Amino acid sequence: MSRMLERLAESAGLADIYTKVRDAERLSYDDGVRLIRSRELMLVGAMANEVRERLHGRDAYFVRNMHLNPTNICTVDCDFCGFYRPYREKEKGWSWTLERCFDEVRNRLDDAITEVHIVGGHNPDLPYDFYLDLMQGIHEIRPDMHIKAFTAAEYDFFHKRFKKPLAEVYEDFKAAGLGSLPGGGAEVLVERVRREIYARKLSAERWLETMRVAHEHGLRSNATLLFGHVETLEERIEHMTRLRELQDETSGFMCFIPLAFHPENTALSHLPGPTGLDILMTIAVSRLMLDNFEHIKAYWIMTTPRIAQVALTMGADDIDGTVLTEKIVHMAGAKTPNGLTVDDLCRLVRDVDRVPIQRDSVYAEVQRFDEAAVTV
Ligand code: V47
């Protein structure tokens with residue numbers, strides 16, 4: 001395989017990069033740009049697969065999880081978002097009571113979910129205790145469930161709104177049951193893009209700083225990239241190199257998740273969104289660039305299950321999970337199902353000759369689904 005790759009890389013003018021990949025040497029920003037600009041999907045995908053197999057063999061991870069979005073009322077007005085309703089028209093959005101949120105969790109008590117992923121809008125009407133009571137209450141209803149909650153953008157909002165140092169917010173939230181942070185709110189960590197489509201959101205520096213402080217407080221997190229809108233390919237690579245620099249410092253990121261932009265019901269509905277090649281290429285290049293990230297996730301909700309499946313052969317080792325009750329991208333036009341079963345996930349994974357591994361939220365193995373396992 002590697003001889004064939006060598007020849008392919010040579011004819012595509014990418015032999016020097018392949019040598020680095022084979023020798024596990026770090027790729028530069030320029031290497032990343034050359035790869036993503038090349039459109040050589042088979043070659044770049046095969047290189048990414050080499051790295052993926054070096055790290056994880058044939059293992060492919062998923063989690064049993066549900067999403068919970070207590071409010072979609074938001075003061076930030078991001079052009080790419082179809083989920084939020086502006087605070088000035090708050091009657092058009094929702095802001096659930098604690099009991100309503102708890103019902104979401106209680107309703108799924110007979111599903112063997114191990115993680116709840118909580119995010120919402122920046123809603124100034126909610127008091128600090130709402131968040132603490134929410135996590136405490138969920139923890140009481142289901143003490144074994146990991147709470148992965150609130151993006152770095154929300155933590156920055158809490159810090160400003162409640163006039164508390166970030167460190168204090170993290171410590172309070174940990175005491176209330178917080179387990180880790182999802183990777184959202186990063187969008188593209190480049191000022192030009194922020195000014196153009198989410199000017200009121202926290203800056204790239206602040207997103208990174210908010211994550212740095214979380215990592216310093218023992219909270220692990222993920223990191224995302226929202227791609228396929230107004231950003232350039234170079235800006236995607238810049239985003240990856242900024243994440244890589246922070247990871248060199250903290251080692252706090254578990255997983256990188258490229259999020260495919262969905263334009264429907266957003267202020268950017270005139271844009272087409274990324275193509276299949278673009279999605280697979282971005283995932284593959286991220287595997288090659290982010291040498292200090294252990295996991296790359298193909299988030300089937302946004303890529304479609306079919307593309308996510310192929311991505312497992314081109315750099316990704318994680319397919320997220322059962323993902324019940326997702327709203328953010330379904331409100332932006334996603335046609336993917338609202339949840340997959342463990343059987344569905346196992347079928348996707350096995351069909352590309354990978355081994356399905358149910359994991360917990362910090363990547364400890366829960367169950368290895370070899371052929372004989374019963375998948376209920
Ligand atoms: O930050 C918003 C993105 C993110 C759209 O950490 C959109 O495991 C596409 O971060 N089209 C939230 N994307 C979701 C998120 C996430 C999802 C799954 C797993 C994890 C994890 C994190 O969704 C936002 C934003 O970047 N988003 N609108 C849209 N129209």
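Start by selecting helix α3 together with what packs over it: in this predicted model, the cover of the buried residues of α3 includes α2 (15-22), α4 (41-56), α11 (233-250) and α12 (276-289). Helix α3 itself spans residues 29-38, and D31, G32, V33, L35 and I36 are its buried residues. An α-helix has 3.6 residues a turn, so residues three or four places apart point the same way. With the side chains of D31, G32, V33, L35 and I36 displayed, the view shows the buried residues of α3, and adding α2, α4, α11 and α12 shows elements that are among their cover.

Next, look at the residues flanking this helix. R39 follows α3 and has a positive phi, near 60°. On the other side, select A24, which is placed in the loop between α2 and α3 and, although not a glycine, has a positive phi near 55°. Most residues other than glycine have a negative phi. Is A24 buried or exposed? A24 counts as exposed because its relative accessibility is 58%, the cut-off for that term being over 50%.

From α3, move to one of the helices that cover it, α11, and select Q247, which is found in that helix. Q247 counts as buried, because its relative accessibility is 5% and the cut-off is under 20%. Its side chain reaches the backbone oxygen of N292 at 3.0 Å. Leaving aside neighbours within four places in sequence, Q247 is in contact with G252, F253, N292 and F293, a set worth displaying as sticks around it.

Now select the ligand, which sits in the largest cavity. The elements that give two or more residues to the shell around the ligand are β8 (221-227) and β9 (253-260). Which of the 24 residues around the ligand come nearest? They are K148, G183, G185, E187 and K297. Three polar approaches can be followed in turn: a nitrogen atom of the ligand lies 2.9 Å from a polar backbone atom of F80, an oxygen atom of the ligand lies 2.7 Å from an N or O atom in the side chain of K148, and an oxygen atom of the ligand lies 2.4 Å from an N or O atom in the side chain of E187. The protein covers 96% of the 620 Å² of accessible area that the ligand has on its own.

Stay with E187, whose place is in the loop between β7 (178-180) and α9 (191-197). E187 is buried, because its relative accessible area is 6%, and its phi, near 55°, is a positive value in a residue other than glycine.

From E187, turn to T224 in strand β8, which counts as buried because its relative accessibility is 4%. The side chain of T224 reaches the backbone oxygen of G183 at 2.6 Å. Beyond its neighbours within four places in sequence, T224 is in contact with G183, G184, G185, A186, E187, H239, F256, I257 and L259, a list that includes G183, G185 and E187 from among the residues that come nearest the ligand.

Finish at S203, found in the loop between α9 and α10 (204-216). Not counting residues up to four places away in sequence, S203 touches E191 and R194. For a last view, draw a line from S203 to H262, which are 59 residues apart in sequence and 22 Å apart in space, C-alpha to C-alpha.

How values were computed:
Residues numbered from 1 in each chain as written. Predicted model: local features only at pLDDT ≥ 70, side-chain atom pairs only at ≥ 80, totals over all residues. Heavy atoms only, no water. Buried < 20%, exposed > 50% of the residue type's maximum accessible area, 1.4 Å probe, protein only. Contact = heavy atoms within 4.5 Å. Near = heavy atom within 4 Å. Polar contact = N/O pair within 3.5 Å; in protein donor to acceptor, adjacent residues only side chain to side chain. Areas by Shrake-Rupley, 256 points an atom, 1.4 Å probe, with all protein chains shown as cover. 1 Å grid on protein atoms, 1.4 Å probe; cavity = no way out; pocket = protein on both sides within 12 Å on 5 of 7 lines; lining within 4 Å. Sits in = over half its atoms within 2 Å of the grid points.
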